Amino acid sequence: MACSSALAVVATLALLLSPAAAACPQLDGIVVSSVKTALQGEIALAAGLLRIFFHDCFPNGCDASILLNTTSDRETAQGPNLTIQPRAMQLIESIRAKADAACGATVSCADITLLATRAAVVASGGPWFPVPEGNLDSLAPAAQSKVFDLPGPDVASVATLVGRFATRGLGQVADLVAHSGAHTIGRSQCDSFSDRTQRSDDTFSKKLAANCTKRPTTLQNLDVVTPDLFDNGYYQALTFNQGVFTSDMALIKNKTTAAIVKQFALSKDAFFTQFAKSMTKLANAPKTDGNKGEIRRVSCFRTNPKGIEEEEDQGFAASA
């Protein structure tokens, strides 16, 4: 109880001191209510927001570049992002529109993505965690080479996974294990774990293969214990070799990561504490060119039309 009370105090102070709250006092209420309502209609949106958070922040820092979808080089057209949820993207855009109506164009799509993801984790039963605010929106999609740095579900080497994470400021092995715990909510298409079903090298993978053969379009729960609740069920399943992805199974087969998996399986509090730390680390992932960009004023899905800022500045001057 004391830990929960302390987190509540920290959350309240963070809200009062945040740049976004200063720019738009209604923002927190808009984000939380919008996310809660959306999740009541479709719980899968929580996993969709988490995936957008990870796939946006990992390549080049949290800059909402993944939301840009009007050009041929858009990130969502590239291999690692082909299954990004359009409905989760639309939820972010709907929050931007509500914030804009309440406060004007004062909050970036990048900040909204971070805040909405946190709200989704909390609404699903997970921990609150601090995120940086004042992020600007990218003027272009991330380079393809950066997007393909995202670790795939077919990676079997823990050393490779740890190395990828370390390049993004996630240098502790526990960061990898904790971020993998986001699979406690979410589902996957059979194509995403076909390497595991093709091997069928254990009882669970044989079951996955059979299910995909019978119902190839059915989505597979990534947490077979409590699929719609953000808890430590994912780790409990891993201790019984019930990981859907090859990268999941890698964690229980490696001595170092297996010890952390077992710790998290036994203690939800231990998982939540590390998950919060690791999410905040990723939210602060370095940006190659620093915090450069804009606040998207028309849509999260496209950059501002040329001259829009000048026109708005003139409008403010005329009404001054």
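A crossing of two helices is called right-handed if the near helix is turned clockwise from the far one by less than a right angle, and left-handed if it is turned anticlockwise. Keep that in mind for the first exercise, and remember that you are working with a predicted model.

**Exercise 1. Describe how helices H9 and H14 pack, including the hand of their crossing.**

Solution. Two packed helices are described by the angle between their axes and the distance between the axes.

Step 1: find the helices. H9 covers residues 173-180 and H14 covers residues 255-266.

Step 2: take the two values. The angle is about 50°, and the axes are 10 Å apart.

Step 3: classify the angle. Angles under 35 degrees count as roughly parallel and those from 65 to 115 as roughly perpendicular, so H9 is oblique to H14.

Step 4: give the hand. H9 and H14 cross in the right-handed sense.

Step 5: list the residues in contact. H9 contributes Val173, Ala174, Val177 and Ala178, while H14 contributes Thr256, Thr257, Ile260, Val261 and Phe264.

Step 6: sort them by class. This contact holds 7 nonpolar and 2 polar residues, with no charged ones.

**Exercise 2. Now follow H14 to its contact with H15: which residues make it?**

Solution. Step 1: start with the geometry. H15 spans residues 268-283, and H14 packs against H15 at an angle of about 115° with the axes 5 Å apart.

Step 2: name the residues. On the H14 side they are Gln263, Phe264 and Leu266; on the H15 side they are Lys268, Ala270, Phe271 and Gln274.

Step 3: sort by class. The count is 4 nonpolar, 2 polar and 1 charged.

**Exercise 3. Is threonine 246 buried or exposed, and which residues does threonine 246 touch?**

Solution. Step 1: locate the residue. Threonine 246 sits in helix H13.

Step 2: apply the cut-off. Buried means under 20% relative accessible area. Threonine 246 has 6%, so it is buried.

Step 3: look at the surroundings. Leaving out residues up to four places away in sequence, threonine 246 touches Pro153, Asp154, Val155, Ala156, Asp195, Arg196 and Arg199.

**Exercise 4. Place threonine 218 and find what it touches.**

Solution. Step 1: threonine 218 belongs to the loop between H11 and strand S2 (220-221).

Step 2: its relative accessibility is 38%, so threonine 218 counts as partly exposed.

Step 3: leaving out residues up to four places away in sequence, threonine 218 touches Ser188 and Cys190.

Step 4: check a C-alpha separation too. Threonine 218 and arginine 187 are 31 residues apart along the chain, with 9.5 Å between their C-alpha atoms.

**Exercise 5. Where do serine 200 and asparagine 241 lie, and what is phi at each?**

Solution. Step 1: serine 200 is in the loop between helix H10 (194-199) and helix H11 (203-214). Its phi is near 45°, which is positive although the residue is not a glycine. Serine 200 is partly exposed, at 22% relative accessible area.

Step 2: asparagine 241 is in the loop between helix H12 (233-238) and helix H13 (246-253). Its phi is positive as well, at about 60°, again in a residue that is not a glycine. Asparagine 241 is partly exposed, at 38% relative accessible area.

**Exercise 6. Summarise the whole chain in a few numbers.**

Solution. Step 1: count the elements. The chain has 16 helices and 2 strands.

Step 2: gauge burial. Of its 320 residues, 50% count as buried.

Step 3: turn to the surface. About 14600 Å² is exposed, with carbon and sulfur atoms supplying 56% of it.

Step 4: finish with contact range. Among contacts between residues at least 6 apart in sequence, 73% join residues at least 24 apart.

How values were computed:
Residues numbered from 1 in each chain as written. Predicted model: local features only at pLDDT ≥ 70, side-chain atom pairs only at ≥ 80, totals over all residues. Heavy atoms only, no water. Axes fitted to C-alpha atoms, helices over the stretch in contact; angles between N-to-C directions. Helix = DSSP H or I, 4+ residues; strand = E, 2+ residues; numbered from the N terminus. Parallel < 35°, antiparallel > 145°, perpendicular 65-115°, else oblique. Contact = heavy atoms within 4.5 Å. Nonpolar A, V, L, I, M, F, W, Y, C, P; charged D, E, K, R; others polar. Buried < 20%, exposed > 50% of the residue type's maximum accessible area, 1.4 Å probe, protein only. Areas by Shrake-Rupley, 256 points an atom, 1.4 Å probe, with all protein chains shown as cover.
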